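Please open the model in your viewer and keep the sequence panel beside it, so that each stop can be selected in turn.

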Amino acid sequence: GAPPLPLPPPPTSRLHAGPTTFGIWGRMALTGLIVLGGPWLAGGAFRVLALFVYLPVYLAVAVPLLVHVWRKEPVVGPLEPVQVVLPEPRALAALRLAVGGVGAALVGVGILLRPGLPLVYLPAAPFLVAALHPVAWESVERGVGRLAGRPVVALALLNALNGLDSLATEAAIRAGHATELNPAVSAFGHGPKLALVAVVGLVLLRARPRALVWPVAALLALAAYHLTGYFGTVGV
């Protein structure tokens, strides 16, 4: 008989969620985090160091990450949903309360910095909307569940946000808008801090992978704090 015809390749899409990536919104958020991790916020003498030392390292890491984030994924049928592993209801209730508290705290920081500048309250808006609006909170719950089911993505986010925190802190210190309160970082620099978070993340990945969601959430709140401070001190 005639040889069997080869099966056509499965359809692929960059909008579809894969085993280590989210859908279009997750890809856009990851892209934003990667871009913010670059040396763009550096100022003064640190800008020269960032452009000539940090930039080549950043590009060597960021380009492969962006290629991975935006790679095409096989399109599964509508009856094959992405796994969602929701935390316990008490943990979600505590998280919702914490999200609302972070939003209120960011509003307070904005009032202290530049009360008449509407842009200074922008970082607080997603936290307040997520905590107060039922539909928005359902989206947050699904996002937390997806992230809990993808610990490798959570680990990557953890280290990316930690690097962003170090870069934003250093830029604010060199611009004269902040002081380093961590004595270990003041004495030894950001290297040991980055290494410690990476090691702790690997330990959690092996021992309690779903727990990686919580340090990621804390660093997201810290990133919003940095952004509030940037808007308030620079006055964009």
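Begin by colouring the protein chain by confidence: this is a predicted model, and its mean pLDDT is 79, with 72% of the residues reaching 70 or more. Select residues 78-82 next, where the pLDDT is below 50 and where, beyond near neighbours in sequence, the stretch has three contacts in the model. Where pLDDT is low, the predicted coordinates should not be read in detail. Among the elements, helix α4 (residues 124-132) has the highest confidence, at a mean of 94, whereas helix α7 (residues 183-188) has the lowest, at 64.

Now switch to a cartoon view and follow the chain from its beginning. You should find nine helices and two strands, arranged along the sequence as β-α-α-β-α-α-α-α-α-α-α. Of the 236 residues in the protein chain, 32% count as buried. If you look at contacts between residues at least 6 apart in sequence, 76% of them join residues that are at least 24 apart.

For the next stop, select helix α3 (residues 89-113) together with α4, and turn the view until both axes can be seen: they lie 8 Å apart, and the helices pack at an angle of about 145°. The crossing of α3 past α4 is left-handed. Show the side chains where the two helices meet, including V99, G103 and V107 of α3 and F127, L128 and A131 of α4.

Then select R90 and E88, which form a salt bridge whose closest N and O atoms are 4.0 Å apart. Side chains of opposite charge can pair when their charged atoms come close. The structure holds one salt bridge, and both R90 and E88 are exposed.

Move on to T169, which has its place in helix α6 (residues 151-174). Is T169 buried or exposed? With a relative accessibility of 15%, T169 counts as buried, because the cut-off for buried is under 20%. Follow the side chain of T169 as well, since the backbone oxygen of D165 is reached from there at 2.7 Å.

Finish at H226, in helix α9 (residues 213-234). Which residues does H226 touch, not counting those up to four places away in sequence? They are D165, A168 and T169, so two residues from the previous stop appear again here. As a last step, place a distance label between the C-alpha atoms of H226 and L164, which are 62 residues apart in sequence and 9.5 Å apart in space.

Note on methods. Residues numbered from 1 in each chain as written. Predicted model: local features only at pLDDT ≥ 70, side-chain atom pairs only at ≥ 80, totals over all residues. Heavy atoms only, no water. Helix = DSSP H or I, 4+ residues; strand = E, 2+ residues; numbered from the N terminus. Buried < 20%, exposed > 50% of the residue type's maximum accessible area, 1.4 Å probe, protein only. Polar contact = N/O pair within 3.5 Å; in protein donor to acceptor, adjacent residues only side chain to side chain. Salt bridge = Lys/Arg side-chain N within 4 Å of Asp/Glu carboxyl O. pLDDT = per-residue confidence, 0-100. Contact = heavy atoms within 4.5 Å. Axes fitted to C-alpha atoms, helices over the stretch in contact; angles between N-to-C directions. Left-handed = near helix turned anticlockwise from the far one by under 90°.
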